[in-house]
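This note is meant for a colleague who is opening the entry for the first time. Please read the numbered points with the sequence and the structure at hand.

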Amino acid sequence: MNRLKELEARRRALLERCDAQRAELGARLADLAPFGVRGVLRNPLTWMAAVAGMLFLGRTRQVLTFTLWLRSALSIAGRAARLVRTLSQLRGRGAPEGPDPPRS
(Lines give C-alpha, C1' and ligand atoms only; values in the text may rest on other atoms or scores of the structure.)
Protein backbone atom coordinates (compact mmCIF):
# COMPACT_ATOMS: atom_id res chain seq x y z
CA MET A 1 0.00 0.00 0.00
CA ASN A 2 2.92 2.32 0.66
CA ARG A 3 3.99 2.09 -3.02
CA LEU A 4 0.48 2.94 -4.19
CA LYS A 5 0.34 6.03 -1.96
CA GLU A 6 3.75 7.04 -3.24
CA LEU A 7 2.61 6.75 -6.85
CA GLU A 8 -0.59 8.68 -6.16
CA ALA A 9 1.39 11.48 -4.50
CA ARG A 10 3.77 11.59 -7.46
CA ARG A 11 0.81 11.70 -9.85
CA ARG A 12 -0.73 14.62 -7.95
CA ALA A 13 2.59 16.46 -8.01
CA LEU A 14 2.93 15.93 -11.76
CA LEU A 15 -0.64 17.10 -12.38
CA GLU A 16 0.02 20.26 -10.34
CA ARG A 17 3.18 20.86 -12.34
CA CYS A 18 1.25 20.41 -15.61
CA ASP A 19 -1.37 22.89 -14.43
CA ALA A 20 1.35 25.41 -13.56
CA GLN A 21 2.99 24.98 -16.96
CA ARG A 22 -0.37 25.30 -18.70
CA ALA A 23 -1.04 28.55 -16.83
CA GLU A 24 2.42 29.86 -17.76
CA LEU A 25 1.86 28.98 -21.41
CA GLY A 26 -1.52 30.74 -21.34
CA ALA A 27 0.10 33.84 -19.87
CA ARG A 28 2.79 33.84 -22.55
CA LEU A 29 0.20 33.48 -25.30
CA ALA A 30 -1.76 36.34 -23.76
CA ASP A 31 1.39 38.47 -24.00
CA LEU A 32 1.43 37.74 -27.74
CA ALA A 33 -2.18 38.89 -28.09
CA PRO A 34 -1.36 42.46 -29.20
CA PHE A 35 0.72 41.04 -32.05
CA GLY A 36 -1.66 38.16 -32.51
CA VAL A 37 -0.96 34.47 -32.76
CA ARG A 38 -1.89 34.53 -36.44
CA GLY A 39 0.72 37.19 -37.03
CA VAL A 40 3.33 34.98 -35.42
CA LEU A 41 2.29 32.02 -37.55
CA ARG A 42 2.50 34.07 -40.75
CA ASN A 43 6.11 34.93 -40.10
CA PRO A 44 8.31 32.59 -42.22
CA LEU A 45 11.07 32.84 -39.63
CA THR A 46 8.75 31.14 -37.13
CA TRP A 47 8.19 28.24 -39.50
CA MET A 48 11.91 27.90 -40.25
CA ALA A 49 12.65 27.84 -36.52
CA ALA A 50 10.00 25.17 -35.99
CA VAL A 51 11.41 23.00 -38.78
CA ALA A 52 14.96 23.45 -37.50
CA GLY A 53 13.80 22.53 -33.99
CA MET A 54 12.14 19.38 -35.26
CA LEU A 55 15.29 18.46 -37.19
CA PHE A 56 17.44 18.96 -34.11
CA LEU A 57 15.07 16.84 -32.04
CA GLY A 58 15.78 13.88 -34.30
CA ARG A 59 12.51 13.85 -36.20
CA THR A 60 14.18 14.08 -39.58
CA ARG A 61 11.92 11.56 -41.29
CA GLN A 62 8.74 13.27 -40.08
CA VAL A 63 10.07 16.70 -41.13
CA LEU A 64 10.96 15.46 -44.60
CA THR A 65 7.61 13.70 -44.96
CA PHE A 66 5.76 16.83 -43.87
CA THR A 67 7.84 19.02 -46.19
CA LEU A 68 7.15 16.81 -49.19
CA TRP A 69 3.44 16.63 -48.31
CA LEU A 70 3.28 20.42 -47.97
CA ARG A 71 5.07 20.88 -51.28
CA SER A 72 2.59 18.57 -53.01
CA ALA A 73 -0.38 20.31 -51.40
CA LEU A 74 0.90 23.73 -52.49
CA SER A 75 1.48 22.45 -56.00
CA ILE A 76 -2.06 21.08 -56.21
CA ALA A 77 -3.47 24.33 -54.79
CA GLY A 78 -1.53 26.33 -57.37
CA ARG A 79 -2.82 24.18 -60.19
CA ALA A 80 -6.38 24.45 -58.88
CA ALA A 81 -6.07 28.24 -58.71
CA ARG A 82 -4.76 28.33 -62.26
CA LEU A 83 -7.65 26.15 -63.43
CA VAL A 84 -10.22 28.36 -61.70
CA ARG A 85 -8.63 31.47 -63.21
CA THR A 86 -8.69 29.92 -66.69
CA LEU A 87 -12.32 28.84 -66.32
CA SER A 88 -13.37 32.27 -65.13
CA GLN A 89 -11.61 33.88 -68.10
CA LEU A 90 -13.29 31.48 -70.52
CA ARG A 91 -16.65 32.10 -68.88
CA GLY A 92 -16.07 35.85 -69.18
CA ARG A 93 -15.29 35.60 -72.92
CA GLY A 94 -18.47 33.65 -73.66
CA ALA A 95 -20.71 36.26 -72.05
CA PRO A 96 -22.35 38.69 -74.47
CA GLU A 97 -21.07 42.23 -74.28
CA GLY A 98 -23.37 45.16 -73.71
CA PRO A 99 -26.48 45.50 -71.59
CA ASP A 100 -28.35 42.47 -70.36
CA PRO A 101 -31.23 41.40 -72.62
CA PRO A 102 -34.66 42.34 -71.26
CA ARG A 103 -36.36 39.62 -69.26
CA SER A 104 -40.04 39.00 -69.59
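Is Glu24 exposed, partly exposed or buried, and what is its relative accessible area?

1. The model is a predicted one. To take the opening question at once: Glu24 has a relative accessible area of 41%, and because the range for partly exposed residues lies between 20% and 50%, Glu24 is counted as partly exposed.

2. Glu24 is one partner of a salt bridge with Arg28, in which the closest N and O atoms are 2.9 Å apart. Both residues belong to helix H1, and they are four residues apart, about one turn of the helix. Arg28 counts as exposed, with 54% relative accessibility. In general, an α-helix has 3.6 residues a turn, so residues three or four places apart point the same way.

3. The structure holds three salt bridges. Another of them joins Asp19 to Arg22, again with 2.9 Å between the closest N and O atoms. These two residues also lie in helix H1, at a separation of three residues, about one turn of the helix. Asp19 is partly exposed at 45% relative accessibility, whereas Arg22 is exposed at 56%.

4. Glu6 and Arg3 form a further salt bridge, with the closest N and O atoms 3.5 Å apart. This pair is likewise placed in helix H1 (residues 2-32), three residues apart. Glu6 has a relative accessible area of 46% and is partly exposed; Arg3, at 54%, is exposed.

5. As to the overall fold, the protein consists of four helices and has zero strands; the order from the N terminus is α-α-α-α. Of its 104 residues, 2% count as buried. The protein exposes about 10,100 Å², and carbon and sulfur atoms supply 62% of that area.

6. Helix H3 (residues 44-56) allows a check of its length. Its 13 residues, at 1.5 Å a residue, should span 18 Å, and the end C-alpha atoms are indeed 18 Å apart, so the two values agree. After H3 comes Gly58, which has a positive phi near 85°.

7. The surface carries a nonpolar patch formed by Phe66, Trp69, Leu70 and Leu74, with about 440 Å² of accessible area together. Leu70 is located in helix H4 (residues 60-94). With 35% relative accessibility, Leu70 counts as partly exposed; a residue needs over 30% to be part of a patch, so Leu70 meets that condition.

Notes: Residues numbered from 1 in each chain as written. Predicted model: local features only at pLDDT ≥ 70, side-chain atom pairs only at ≥ 80, totals over all residues. Heavy atoms only, no water. Buried < 20%, exposed > 50% of the residue type's maximum accessible area, 1.4 Å probe, protein only. Areas by Shrake-Rupley, 256 points an atom, 1.4 Å probe, with all protein chains shown as cover. Patch = residues over 30% accessible without salt bridge, like charges linked within 9 Å, V, L, I, M, F, W, Y side chains within 5 Å. Salt bridge = Lys/Arg side-chain N within 4 Å of Asp/Glu carboxyl O. Expected span 1.5 Å × (residues − 1).
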